[in-house]
Amino acid sequence: MHLTSLTLKNFRNHSDTAFDFGEGINVLLGDNGQGKTNVIEAISYLCLTKSFYAASDGFVLGFGKEMFEVESTIATESGHLRRVRVAYSADANEKVFSVNRQKIEPFSSVIGTFPVVICSPEHAPITSGSPADRRRFVDLVISQSSAVYFHDLLEYRRVLRHRNKVLSDARWKQEDTAAVLEPWNEQLVTFGGSLTWRRKHFVEEFQSFITTAYHHLVGTEEEPAIGYKPGTRIDECASQKDVEALLRSELAEKGAAEARLGITLVGPHRDEIPLTINGLDLRRFASQGQHKTFLVALKLGEFFYLKERCDETPIVLLDDVFSELDEHRSLKLLRYVEELNQTFVTSTTPQVFDHLLQRSGKHKLFMIQNGALVQERPSALA
Ligand SMILES: Nc1ncnc2c1ncn2[C@@H]1O[C@H](COP(=O)(O)OP(=O)(O)OP(=O)(O)O)[C@@H](O)[C@H]1O
Ligand SMILES: [Mg+2]
């Protein structure tokens, strides 16, 4: 798939900006604070129904405005054009997502329809942050390729929230929790078993995607690896049913500790997904450059993984990725990215992209200034 056009109305500092994109690399150029990332964020609304980093739609609404709107024409691989629109009204606190003027509900059903891979400084915690950051990454990749996984993930979160509330209330009231927890335990086992089993398989499959991307970026001297350390003893399990049985018995074992602490101690919300280079833990031993390269490799791996599994080839959003790399690595990455699919790149420096624009008519360059598009350079004119 690719976006042919995009309009932003009252979206952050863009009061009314319109783009006609190329099918290749679209470079969004401009000084700091001009509104480049805001365009990337708007595209994330179209693909994920929300910002890839802002916690609330209200933050995205243009200052002093009542309503924002993002609209795009998306060309699918089967040759159809889809008019995709997201609008948010502050007064009604209502967000509407529509495709060809038809409201889509629930929003969760959109995930995976317009697959996207986003790499931005906001994603740095995937390699350097807590296990929750890595779980979030893995969850989004699998969710975009599997509606069943996304459904089970949302259900698991719901169950966990309720179960923790029951445990915490019982702790304060000093009640016996066994009876009240009963209805939640079996659901935790079912959805928790599903997530655990699928994450295990995902990590096994994803390894080769990361290795290929990482080697392409830096050569074969460094071996990147992704692992899976679930809260449960997965080595003993040969099937999802085994995982469920194990979770059930662990819940029984940890019942007293859960009651004492008032939280759920068993389940995939406690998984770790360790990342290593040459066997060394990335979080403890990697250089800044290795962190950045690993992050890009994870995202390129995500692209190829989703391309294999989704009906559409994902679009790629690279926010500030190039400004952090030297010119040599930038060019190498750019050549690689050229082969992927439609890509959106933000940058403050045009130099790296000049060669690119001269080489192909698919690429375009846009100058953004103060929340407006001030110049568009199709490569034919470069
Ligand atoms: N809700 C909002 N309404 C209006 N303007 C906003 C809103 N939120 C942020 N801004 C403005 O958007 C601008 C930042 O835009 P953006 O993050 O896209 O910049 P950028 O071009 O990516 O900059 P950099 O190169 O530093 O990353 C700032 O000027 C900020 O004041
Ligand atoms: Mg930015």
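**Notes on a two-domain predicted model**

1. Start with the layout. The chain splits into two domains: domain 1 is built from residues 1–115 plus 312–382, while domain 2 covers 124–309. Keep in mind as you look around that this is a predicted model. If you want a sense of the spacing, the C-alpha centres of domain 1 and domain 2 sit 30 Å apart.

2. Next, have a look at where the domains touch. Domain 1 puts 18 residues into the contact and domain 2 puts in 17. Together the two domains bury about 1,600 Å², and 73% of that is on carbon and sulfur atoms. On the domain 1 side, three names are worth finding in the viewer: I111, Y336 and L340. They supply 33% of the area that domain 1 buries against domain 2, more than any other three residues.

3. What about charged or polar pairing between the domains? Across the interface of domain 1 and domain 2, the rule finds zero salt bridges. It also finds zero residue pairs in polar contact there, counting pairs with both residues at pLDDT 80 or more. As for which element to look at, helix α11 (residues 327–338) gives the most to the side of domain 1 that touches domain 2, with four residues. Sorted by class, that side of domain 1 has 10 nonpolar, four polar and four charged residues.

4. Now over to the ligand. Which residues are closest to ligand 1? They are G33, K36, T37, N38 and F59, out of 17 residues that surround ligand 1. Several polar approaches are easy to check by eye. The side chain of T37 has a polar atom 2.8 Å from an oxygen atom of ligand 1. For N32, an N or O atom of the side chain is 3.0 Å from an oxygen atom of the ligand. With G35 the backbone does the work: one of its N or O atoms lies 3.0 Å from a ligand oxygen.

5. Last, salt bridges. Side chains of opposite charge can pair when their charged atoms come close. How many salt bridges does a search of the whole structure find? The count is 23, though, as said in point 3, zero of them are found across the interface of domain 1 and domain 2. One to pull up is K9 with E69, whose side chains meet at 3.8 Å, N to O. This pair links distant parts of the chain, 60 residues apart: K9 belongs to strand β1 (residues 2–11) and E69 to strand β4 (residues 67–75).

Conventions:
Residues are numbered from 1 along each chain as its sequence is written. Chains are lettered from A and ligands numbered from 1 in the order in which they are written. This is a predicted model: local features need pLDDT of at least 70, side-chain atom pairs count only at pLDDT 80 or more; totals for chains, interfaces and linings use all residues. Side-chain values use heavy atoms; hydrogens and water are left out. Domain bounds come from an automatic or database domain assignment. Contact means heavy atoms within 4.5 Å. Buried area is the accessible area (1.4 Å probe) that two parts lose on being put together, summed over both. A salt bridge is a side-chain nitrogen of Lys or Arg within 4 Å of a carboxyl oxygen of Asp or Glu. A polar contact is a pair of N or O atoms within 3.5 Å; within protein, one must be able to donate a hydrogen and the other to accept it, and residues adjacent in sequence count only if both atoms are side-chain atoms. Helices (H or I, at least four residues) and strands (E, at least two) are DSSP runs, numbered from the N terminus. Ala, Val, Leu, Ile, Met, Phe, Trp, Tyr, Cys and Pro count as nonpolar, Asp, Glu, Lys and Arg as charged, and the others, Gly among them, as polar. A residue is near a molecule or strand if one of its heavy atoms lies within 4 Å of it.
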